Amino acid sequence: METVNRKRSAVWNHFMENGPKKARCSYCSNELSVSGGNVGNLNRHLRTKHPTIKLVEERQQQQLNGSAGPEPHIRPVASIETQDLPRATSSSSQPSIQNYTQSTKPLPSRRAEQIDEQLVKMIAKGHYPFSMVEDDESKKLSSLLNPQYALPTRKTISESILPKLYNKCIEKVKSEVQVKGQAFCLTTDGWTSINNDSFIALTLHYISTTSDETKLKSDLIGCVEYNERHTSENLKAFLCDVMAEWNTADYTTAIASDNGMENCE
Ligand SMILES: [Zn+2]
């Protein structure tokens, strides 16, 4: 019973169940306790730590309300309007079409989430600015593709969708490394940005073995700002922390770094 109730609460969209009485936040990975199926704790955490996340839910709620609720009797008016309006005023008829489709079919929140994720993947891989979602032409494109979908704001992307996707990705790679990984090596590369901030990128190389196949895999496991002095002690401590976090400390046989870092010693 308890589990069923827990699953039903919408707040679980933002947490992963971690054992019988624990929940892990999808955004900051903090662990919270859930006693007796009481999710008040989780709601409070979202409200105080991730105030923008409510926006996502409200947005999805609006999309859902667009079809259910007391709206439908308003919608037919909108659709008649669309028919009556001459085609030429397409800019003003567009919202009506949008209203009409919203009233017929809601965008399931799972679908909206899927689109959000794909959008963030595109931004991350293409190095696009977050501000692209607030661009008028992007909004037009999005509404042409799917009028029921509303683009998230920059803030929602940077504070909720991106960190959630990031954590999901890290968890996926971590579990793959832990389940299939053998014989680890680490390579690092360090550089300084135009703004004089130092970064280190870490790539984990390992042999991935399953019953079907064995292959060499390389995963970028971190690209972090590193402003400590690049002495060998500092770097050793940093790398040990990373290996401990990834549970590979006992199995890592070699670490290779480029000249840049060694020269800093
Ligand atoms: Zn959190």
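Let's start with one pair of residues: Ile200 stands opposite Val224 in β6. Keep in mind that the model you are viewing is predicted.

What joins β5 to β6? Eleven bridges do, and the two strands run antiparallel. They form a hairpin, with four residues between them. In general, strands of a sheet pair through backbone hydrogen bonds, in either a parallel or an antiparallel way.

**The sheet**

Now let's widen the view. β5 and β6 belong to an open sheet of four strands, ordered β6-β5-β4-β7, with mixed pairing. At its edges are β6 (214–225) and β7 (252–257), each of which pairs on one side only. From one strand to the next, the twist averages 20°.

Here are the pairings, strand by strand:

| Strands | Sense | Bridges | Residues standing opposite |
|---|---|---|---|
| β5 and β6 | antiparallel | eleven bridges | Ile200 and Val224 |
| β4 and β5 | antiparallel | ten bridges | Thr192 and Ser198 |
| β4 and β7 | parallel | five bridges | Thr188 and Ser257 |

β4 covers residues 181–192. Like the pair we began with, β4 and β5 form a hairpin, here with five residues between the strands. If you look at the turn, you will find Asn196, which has a positive phi of about 70°. As you trace any of these strands, it helps to know that side chains in a regular strand alternate between the two faces of the sheet.

**A helix across the strands**

Which strands does helix α8 lie across? Helix α8 (residues 154–180) lies across β4, β5 (198–209) and β6. Its direction makes an angle of about 40° with β5.

**A helix with two sides**

Next, turn to helix α9, which covers residues 232–245. At 1.5 Å a residue, its 14 residues should span 20 Å, and the end C-alpha atoms are indeed 20 Å apart, so the two values agree.

Which residues of α9 are buried? They are Leu235, Val242 and Met243. Why do these three share a side of α9? Because they cover an arc of only 95° around the axis. A helix has 3.6 residues a turn, so residues three or four places apart point the same way. On the face turned away from the buried side of α9, you will find the exposed residues Glu233, Ala237, Cys240, Asp241 and Ala244. Just after α9 comes Asn247, with a positive phi of about 60°.

**The whole chain**

Finally, step back to the full chain, whose secondary structure comes to ten helices and seven strands. Of its 265 residues, 17% are buried. Among contacts between residues at least 6 apart in sequence, 56% join residues at least 24 apart.

Methods:
Residues numbered from 1 in each chain as written. Predicted model: local features only at pLDDT ≥ 70, side-chain atom pairs only at ≥ 80, totals over all residues. Pairing = 2+ DSSP bridges. Axes fitted to C-alpha atoms, helices over the stretch in contact; angles between N-to-C directions. Contact = placed C-beta atoms within 7 Å. Buried ≥ 20, exposed ≤ 12 C-beta atoms within 10 Å, placed from the backbone. Expected span 1.5 Å × (residues − 1). Arc of directions from axis to C-beta.
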